[in-house]
Amino acid sequence: MTSQRHYSPADRLLMQADSALRTLLPFSGQPARPSPAVLKNEAELSESETRHVAGLMRINHTGEVCAQALYQGQALTARLPQVRRAMEQAADEEIDHLAWCEQRIRQLGSHTSVLNPLFYGLSFGIGATAGLISDRISLGFVAATEDQVCKHLDEHLGQLPASDDKSRAILEQMREDEQQHSTAAIEAGGLRFPAPVKFGMSLVSKVMTKATYRI
């Protein structure tokens with residue numbers, strides 16, 4: 001049997017820097033799964049519909065940037081090796097979402113948000129802080145965050161033009177994955193956050209969505 005490699009703090013910092021670049025640079029993340037949109041036909045959307053869908057997908061892309069940063073920050077400071085591995089695995093799975101959203105945004109002739117580096121830095125700091133406090137808090141934060149993401153995805157699915165099967169396929173698969181991440185975090189011992197904390201997270205999330213819809 002081969003023993004698991006142990007990384008030094010310097011190694012982990014370099015790995016985090018590499019992860020940050022792969023998250024923020026265009027088309028740097030390589031998805032493990034093909035986009036669910038591949039087998040769907042492109043819809044004929046009006047100019048206003050195209051702009052709206054691009055805005056929704058830009059929000060979702062930034063949400064995935066935040067998720068990457070959150071998981072990477074938590075993995076850096078997690079105390080238990082199994083929690084660190086769980087965070088790293090979740091970050092790998094979220095790369096699929098990141099790539100799918102970016103592909104769809106480009107297909108719609110639009111761009112990812114210029115605010116992504118700012119939101120990445122804020123989310124990484126939150127994740128690292130949560131990991132320093134306790135692994136239970138860290139896992140609970142994952143569950144609460146994924147619950148917020150699922151709510152956003154439900155709202156966006158309701159706003160998509162009925163004919164836009166490509167975007168719908170992506171968001172439906174993302175929602176399924178995010179729900180699994182939330183459930184797994186709670187089952188791993190994550191703290192269930194009280195309603196006031198979730199409400200505060202919802203307010204912060206609304207700031208992100210308003211800011212990234214157009215820019």
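This passage looks at an annotated binding site and at two pockets in a predicted model.

A good place to start is the site itself. The UniProt record, an unreviewed entry, assigns the feature "binding site" to E64, E94, H97 and E178. These four positions span 115 residues in sequence, yet no two of their C-alpha atoms are more than 10.5 Å apart, so they gather at one spot. From this set, E64 is also part of the lining of the largest pocket.

Two of the annotated glutamates can be followed in turn. E94 belongs to helix 3, which covers residues 81-107. With a relative accessibility of 0%, E94 falls under the 20% limit and therefore counts as buried. Once neighbours within four places in sequence are set aside, the contacts of E94 are E64, A67, Q68, Y71, E146, E178 and H181. Two of these partners, E64 and E178, carry the annotation as well.

E178, for its part, sits in helix 6, made up of residues 165-187. Its relative accessible area is likewise given as 0%, and E178 is buried. Not counting residues up to four places away in sequence, E178 touches E64, E94, H97, E146, V149, C150 and L153. The list for E178 thus includes E64, E94 and H97. With H97 there is also a polar contact, in which the side chains of E178 and H97 come to 3.2 Å. E146 appears among the contacts of E94 and again among those of E178.

Attention now turns to the pockets. The largest pocket encloses about 550 Å³. Its lining consists of 23 residues, and C66, S123, T145, V204 and S205 are the ones nearest its centre. Two or more lining residues come from each of helix 2 (47-77), helix 4 (116-133), helix 5 (135-159) and helix 7 (195-212). In terms of residue class, this lining holds 13 nonpolar, 9 polar and 1 charged.

The second largest pocket has a volume of about 290 Å³. It is lined by 14 residues, with H152, E155, H156, K206 and T209 closest to its centre. Helix 2, helix 5 and helix 7 each supply two or more residues to this lining, and helix 5 provides the largest share, 6 residues. Here the classes divide into 3 nonpolar, 6 polar and 5 charged residues. Helices 2, 5 and 7 thus contribute two or more residues to the largest pocket and to the second largest pocket.

Methods: Residues are numbered from 1 along each chain as its sequence is written. This is a predicted model: local features need pLDDT of at least 70, side-chain atom pairs count only at pLDDT 80 or more; totals for chains, interfaces and linings use all residues. Side-chain values use heavy atoms; hydrogens and water are left out. UniProt positions are given in the numbering used here, feature names are shortened, and annotations may be inferred rather than shown by experiment. On a 1 Å grid over the protein atoms alone, a cavity is a set of points where a 1.4 Å probe fits but cannot get out, and a pocket is an open set with protein on both sides within 12 Å along at least five of seven lines; lining residues have an atom within 4 Å of a point. Helices (H or I, at least four residues) and strands (E, at least two) are DSSP runs, numbered from the N terminus. Buried means under 20% relative accessible area, exposed over 50%, partly exposed in between (1.4 Å probe, protein chains only). Contact means heavy atoms within 4.5 Å. A polar contact is a pair of N or O atoms within 3.5 Å; within protein, one must be able to donate a hydrogen and the other to accept it, and residues adjacent in sequence count only if both atoms are side-chain atoms. Grid points are joined across faces, edges and corners, and a volume is the space filled by probe spheres set on the points. Ala, Val, Leu, Ile, Met, Phe, Trp, Tyr, Cys and Pro count as nonpolar, Asp, Glu, Lys and Arg as charged, and the others, Gly among them, as polar.
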